[in-house]
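Me: I am new to this structure. Please take a close look at its enclosed spaces, and tell me what surrounds them.

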Amino acid sequence: MKRHFIVLVAALLMFGVDRASAQFDFGVVGGMNLTKADFREPVGRNFDSSNRCGWFIGPKVEFTVPLIGIGIDLSAQYSQRYINGSDNGVEKTKALKTIEIPVNLRYQIGMPSIVAAFVATGPQFGFNVGSSEMSSFWSTENYKIKNSMLSWNIGLGVKVLKHIEVGAAYNIALSKFAKITGTRESIKNNSFQFHVGYFF
């Protein structure tokens with residue numbers, strides 16, 4: 001967790017923009033994620049992972065340097081992801097509750113007061129706020145959920161009339177979020193994300 005916090009601070013410093021020379025927007029964002037779990041399990045398991053919808057919501061700030069369109073966006077989101085799996089035809093669902101902090105480098109082109117398109121990429125830092133364990137899909141052993149997780153966002157979208165933003169992103173897991181101690185069983189969590197934001 002300490003390592004991910006240090007990386008978060010470094011990302012904020014690296015993407016930092018002087019507020020006096022940037023356009024500043026504050027709002028709220030919410031949306032859905034479509035999760036694809038990536039399992040690492042012992043040979044012989046008959047297991048398939050499928051997509052499962054979840055949701056997120058939270059405040060968001062954007063800094064954009066006028067004329068050149070480069071800036072950052074930063075948000076703090078409460079997120080619930082669901083993992084749907086099937087073991088020998090028996091479906092099971094697990095939930096992961098986190099606070100997610102994406103820090104994205106952003107490039108925007110157009111006129112935000114009318115319509116502007118943007119692309120964004122950067123790290124996302126997740127902190128578990130739910131249970132520290134969840135039951136295994138296959139046995140009485142439990143998965144130990146990590147306190148912090150790291151992933152990477154690649155996204156795009158449009159901003160309309162300065163206040164409304166619609167976008168989509170792919171979130172690539174860079175670290176595992178759960179593992180059974182002493183075994184090779186672990187889970188990574190990639191997601192497609194779709195969001196709508198309103199800026200005041």
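Reply:

**The cavities**

In this predicted model, the count comes to two cavities of 30 Å³ or more.

Start with the largest cavity. Its space is about 250 Å³. The lining is made of 22 residues. Closest to the centre of this cavity are K60, N104, A169, Q193 and H195.

Several strands supply that lining. Two or more residues each come from β3 (52-64), β4 (70-75), β6 (90-111), β7 (115-128), β10 (148-160), β11 (164-173) and β13 (186-199). By class, the lining of the largest cavity holds nine nonpolar residues, nine polar ones and four charged ones.

One of the residues closest to the centre deserves a stop: H195. Strand β13 holds H195. Is H195 buried or exposed? Its relative accessibility is 15%. Buried means under 20%, so H195 counts as buried. H195 also has a polar partner. Its side chain makes a polar contact with the side chain of E165, at 3.0 Å.

Two of the lining strands, β3 and β4, are also partners. They pair in the antiparallel sense, over five bridges. At one of the bridges, T64 is matched with G71 in β4. Together β3 and β4 form a hairpin, with five residues between them. In that turn sits L67, which has a positive phi of about 75 degrees.

Now the second largest cavity. It contains about 140 Å³ of space. Its lining has 15 residues. Nearest its centre lie R81, E100, M149, S151 and N189. The elements giving two or more residues to this lining are β6, β7, β10 and β11. These four are also among the elements that give two or more residues to the lining of the largest cavity. By class, the second lining has six nonpolar, six polar and three charged residues.

M149 leads on to the nonpolar cores. M149 is among the residues nearest the centre of the second largest cavity, and M149 also belongs to the largest nonpolar core. That core has nine residues in all. The other members are I83, L96, Y143, I145, F177, A178, I180 and I187. Another core lies apart from it. This one has five residues, among them V103, F125, F127 and L150.

How values were computed: Residues numbered from 1 in each chain as written. Predicted model: local features only at pLDDT ≥ 70, side-chain atom pairs only at ≥ 80, totals over all residues. Heavy atoms only, no water. 1 Å grid on protein atoms, 1.4 Å probe; cavity = no way out; pocket = protein on both sides within 12 Å on 5 of 7 lines; lining within 4 Å. Points joined across faces, edges and corners; volume = space filled by probe spheres on them. Nonpolar A, V, L, I, M, F, W, Y, C, P; charged D, E, K, R; others polar. Pairing = 2+ DSSP bridges. Core = buried A, V, L, I, M, F, W, Y, C linked by side-chain atoms within 4.5 Å. Buried < 20%, exposed > 50% of the residue type's maximum accessible area, 1.4 Å probe, protein only. Polar contact = N/O pair within 3.5 Å; in protein donor to acceptor, adjacent residues only side chain to side chain.
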